[in-house]
Structures are given as structure tokens and as C-alpha cells.
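Welcome! Here is a short tour of one protein structure, meant for someone seeing it for the first time. Please have a look at the chain below before reading on.

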Amino acid sequence: MPEQGRTGEKIYRGIPVSTGISRGRVLVIGPPNDEIPTHSISEHELSNELERLEQALVQTRHQILAVQHKVEEAMGSKDASIFDAHLLVLEDRTLLDEVTRLMEQDRMNAEAAFSKVANKYATTLSSMDDEYLRERATDMRDVASRVLNNLFKRSDETALQHLTEPCILICPDLPPSTAATLDRKMVLGFATDKGSKTSHTAIMARSQQIPAIVGLHDLSNQLRSGDYALIDGYSGTLIINPTDQTLFDYGQLIRKQVTLEEKLRDIQSKPAVTLDGVLVGLRANIEQTTDIEAVVACGAEGVGLFRSEYIFINREQPPTEDEQYQAYRAVAEALKPNPVVIRTLDIGGDKLLTHSHLPQELNPFLGWRAIRFCLVEHTIFRDQLRAILRASVHGTVKMMYPMISGLGELQQANQLVEKYKSELRAEGIPFDEKMEIGIMVEVPSAALIADSLARHADFFSIGTNDLIQYSLAVDRMNERIAHLYDPTHPAILQLIKLTADAAARNNIPVSVCGEMAGDPAMVPILLGLGVTELSISPSLIPRIKFLIRRLKMSEARELARFAMTSESQQETIERARLLVRNTAPSLIESGETGTGDSEPSPSI
Ligand code: PEP
Ligand code: MG
């Protein structure tokens, strides 16, 4: 339920996942059409309701004809004729009579009546023995979904490719692959019913610097396209019909942001060094080669996590060795002598390939994911390893494996690297013989045997997003249990400490590349635990550098000691916030609240 704000305002609060403030008209994207609001209509509303239905049917017909036309041009009339069946649904007199009867006699609203009848037809068709008739159930659902979207005046996801006006997107959920391809000029922000702070969709929003809020429950059913809204990605607040006073308050906040931005620009090329002289490696997380510009602009010292899987998704065929080589080489060359850590393919979980038919799994995050996939799919792994090795002569390339859970996986992967190195030598293709290979520590078992893994790895990178979900048994995608997803849980801090201590004993660097490293309140704790590098979204680098340059390691260590054994996570968070507030007050004033819980921004 929304809160009532100042006169006429409705305020919705969710989980803030990507900072920034913007305002504009909302665009609501369907489905779910399975949650159709049902209400009765009065006699005098009936003619208007029938008229709405008629308009939605006409609009749907035009849309289908347009799609058919496009398909005909691209693929010929045979493929286009598939849509004749869709058009026939719209002309089916029996179906339409039944819908109008429900509206006239039972006084059902148009959405509910149409959805009821269409569902009944689809269910009957899908239970037929005849395959042709069963297929018609899919047509029926497809057309029904269009008609309902038109009745609700909401767009379907394909409309995202053709936005003509800037908007704030509202939808039940957004797949990471869609979030990765949003047009920043058109999408001013987005808010979803589902999701959590470490979902890959949230990560995409941050890397695209699009303000975003997730976990808003059934928001997409409550709003209508065209509503005017303000989205505050700092506090996770979406305000519908903001008043002039609210807009004024946000104007003030934006001005504070601008002042802070100026200070951040001054330190752009300065190192991330604490007041007591400890140098922290501050690198960027990226997903595609087009992120290079952002890395250079934010003043990061290279890339600490290149999520290579985004080169693999949203396409029909996996990228070839050469295509990958060009991509990795471009990043290495652009950023040298700074390092670029390329993570090998981390597919599975919420990231799926269109070209490889991964089996449906009951627990995809515990399933055939990341290194487990690559150690079986040798062709895909070989192409990637050879491409990374070849790119290594063009800069400071490092490589790491995701989801290592035991020594065996690391050794197997390293053996394959040796094999492909021999191949390249035999072919006379150059590569960096000393290219460093590290692992992600994101499965609790890896943290617990960190000493033994450290003897076979050149560096560690702690993936707190997964480490937290696997240690606390909390699905990182599930907004219902998001309150249990707690980076300050002493168990998490102890696993990080174990990993950092093992790294120090074995003389290798240890980084954190999960979202925890981009949270100002968590940074002193991580550094205090012995983490030597941080890798975060480019958009967060300036703020985190600003904080580090004002921090004393002695204070960070003291906070970490307290947090590791604290019996109150609330107290840990409060102390962490206080340290940030005392160290860098302008970060707080400008809307940064740390730890991602929703403190309202201005006084609303
Ligand atoms: C992590 O798990 O913290 C991580 C950085 O990897 P990803 O978010 O891509 O799973
Ligand atoms: Mg991970």
C-alpha cells in the first residue's frame, strides 16, 4: 500500500538499488495478466466499458497487422501467415459474445471478463490431443495478453526497443539482459515489483547509472502509464504526483549532489589512500567493452571484475574465440598499464544463454553454474581461455574463475589453461606466460579452505553477493527475505576475515568485488578486516575514493573488530554509519545513506 504524502501524493517505498533522482511520466510494462483486478461496473459505466473493450480490440488488430507486416518483409509470407490465427481470435464471435455477456449480465469489468473467457479457451485448447489445436492455446494467450495490455494502457516488453519519449519504467520484473540494453536517454529510472539489491538486474542499473528501485511488491498493478512520478534511487522512494514542495526539496538535494560532484572531480586522478597512508586498490566492475569510457572517467585503477558473460547473452550463437579476443584486447589496451581482471563465464543462476539450452533446474543458483558449466562445456571454455590468453599481451590482463567450491575445480581449470597455453605455443601465438590467475571466493567452502586455495592462486576476489546468499541460505533474488540478506552478519565477516588472513599469509592480494564493496558504510569494515582492494561499479568509485581518503585505518580496524563479534547487527550498522558521517559528512548530506535501507531523502 502506498503512503499518502503531501496533498495528492502517493509514496511507494522499495529497495534502493541504483542512486540518482529523476522525474517524468511512467510507462507500465505488463504482465502479469494473471493478476487481473476484478470489480463490478454500474449500469451507466457499461457503455463506456464496452467502448474500452472495442478500442482495445481495434488497437490489438492494428498491432498484430504491424507485426505481421514486419515479419513478412523480413521472413516472407509463409512465416507471416502465423499471425492470421492471431487475427482470427479477435474476430471469434463466440468468444466475444461470451465476454460481452459477462459484462452486461454479470457486470464484470472488461479486463476481468476478457481474461476469464480467454483463459477458459486457452485451457481447453491446451488439453486437446490434436497438436495443431494445442498450439492454438499459445496464440490465444498471446493475443489475450495484448488485449489486456491495451485495456490497462500498458506496453509489453518489446516496446522498450522503440521508446520515443523519456520515461520511468514500471514493471513486475526486468531480466538482467533487458536491463543491460536499456537506452539511458529514454529510461530515466525503473522500479520493479520483484528483485533485490544484488540481483544482476540491480547491478546492470548501477553500471548503466540509471536510478532504480526494486521489491515494490505489486506496484505495476497499481500504476497506469502516463502518471507523473519522481524516482529517488538513494532512498528507494517513488512519488506519484509530487507536489511543488516535494520537487523543491528534491531540487535542494540535487544541488548538494552537484557540490559533492565538484569535490569528487578534484580527486579524480588521485590515489585511494587512507589518512594514515594505506593505499587501497580501487577498481571498476564492468560488463561490456563500452564501459571502458566510464572506467576512465571515474578514475578507477583498471578493472577488478569484467563479467564476461554479457558478451555471451542476448545472441543466437556464442561469441567466437576471435570476437572475444577483440573485446578483451580492446579493454586491456585502453586501460593499460592498469590491470583488467577478466572473469571466465559465470552463466546460470539468473543469467541464461539463449544459444545454449541449459536444463531447467530446481535450484539454478545451486546448480550447473559458472566453473561447473565450463569444466563440462570444453569448447566454450577453450574459446574463452584462448581469447583471454591472446589478449594478455596487449595490457595487464588477469583472469579469475567464478564459483570455485574446492581445490579440485581450481586444479582442473588450471590444467586446461596449461593445455591451451601449449596449443598457442605450438601455433606460435604470443601470450603473457606470467598472466596471473585468481579465484572468486563466493562459496563458503572456498573461504574455509582459503589457505589451500591460496597456494594455487595468484589472488583472491571475494564475491560477497553470492557468499552472503550461500552462507545465510538467503536467495539474493527474493525480495521477501531481503531483510535476512545481511552483509554485517558476523558469520559473513568471519568468512571474509578467514579469506583475508589466508591471503596475507600466502602473500597474495585480496579484493572484494560484490556489491558490499560499494556501500560507504561497509567499506571501513572490509578494509578493517584486511581486504586490500575493492572493485565496484564505476558510478560509485568517486564516492568511495572520497571516503577512503578521509578514513583512518586504525578506526576501520576497530570497527571491524567490533562487528565481527557483535551481537547486534543494528548496532554494527549504526556504528558504521556514524563513522561515515564523521569521516565524510557530505556523502550523507547528498543522499548517500549506506547499507541500502530506505531512509527517506528530503523531509517527506
Ligand atoms: C558476487 O557474487 O559477489 C559477484 C561479484 O558475482 P556476481 O554478482 O556476478 O554473481
Ligand atoms: Mg557471484
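## The chain as a whole

Of the 604 residues of the chain, 56% count as buried, where buried means under 20% relative accessible area, exposed over 50%, and partly exposed in between, with a 1.4 Å probe and protein chains only. This is a predicted model, in which local features need pLDDT of at least 70, side-chain atom pairs count only at pLDDT 80 or more, and totals for chains, interfaces and linings use all residues. Residues are numbered from 1 along each chain as its sequence is written, chains are lettered from A and ligands numbered from 1 in the order in which they are written, and side-chain values use heavy atoms, with hydrogens and water left out.

The chain's secondary structure comes to 24 helices and 17 strands; these are DSSP runs numbered from the N terminus, helices being H or I with at least four residues and strands E with at least two. The C-alpha trace spans about 80 × 65 × 40 Å along its principal axes. With 604 residues, a compact globule would have a radius of gyration near 25 Å, and the chain agrees with that at 26 Å. That radius is taken over C-alpha atoms, and the globule rule is 2.2 Å times the number of residues to the power 0.38.

## Contacts, surface and charge

How do the contacts spread along the sequence? Among contacts between residues at least 6 apart in sequence, 69% join residues at least 24 apart; contact means heavy atoms within 4.5 Å.

The accessible surface of the chain comes to about 26,000 Å², and 51% of it belongs to carbon and sulfur atoms. Such areas come from the Shrake-Rupley method with a 1.4 Å probe, and for residues only the protein chains shown count as cover. As for charge, the mean positions of the 63 positive and 83 negative charges are 6 Å apart. Lys and Arg count as positive and Asp and Glu as negative, while His and the chain ends are not counted; each charge is placed at NZ of Lys, CZ of Arg, CG of Asp or CD of Glu.

## The magnesium ion

Which residues hold the protein donors of the magnesium ion (ligand 2)? They are Glu442 (OE) and Asp466 (OD), lying 2.0 to 2.1 Å from the ion. Glu442 sits in the loop between strand 14 (437-441) and helix 16 (444-448), and Asp466 in helix 18 (residues 464-472), so the pair links parts of the chain 24 residues apart. Donors here are N, O and S atoms within 2.8 Å of the metal (3.2 Å for Na, K and Ca), and water is not among the atoms, so sites may look incomplete. Both Glu442 and Asp466 are buried.

## Buried places

Helix 8 (residues 200-208) is largely enclosed by the rest of the structure, because nine of its nine residues are buried. Among them are His200, Met204 and Arg206. Just after helix 8, Gln209 takes a positive phi of about 55°. Arg146, in helix 6 (residues 131-151), is also buried, with a relative accessible area of 19%. The C-alpha atoms of Arg146 and Arg206 are separated by 31 Å, with their places 60 residues apart along the chain.

Ser511 lies in strand 16 (residues 510-512) and is buried at 7% relative accessible area. Leaving aside neighbours within four places in sequence, Ser511 is in contact with residues including Phe460, Ile462 and Val531. Ala454 belongs to helix 17 (residues 450-454) and is buried too, at 5%. With the same neighbours left aside, the contacts of Ala454 are Phe460, Ala502, Asn506 and Ile508.

## Backbone details

Most residues other than glycine have a negative phi, and most peptide bonds are trans. Arg107, however, has a positive phi of about 60°. Arg107 is found in the loop between helix 4 (93-105) and helix 5 (110-126) and counts as partly exposed at 25% relative accessibility. Ala370 has a positive phi near 55° and counts as buried at 0% relative accessibility.

Which residues does a cis peptide bond join? They are Lys336 and Pro337, with omega about 10°. Pro337 lies in the loop between helix 12 (321-335) and strand 12 (339-343).
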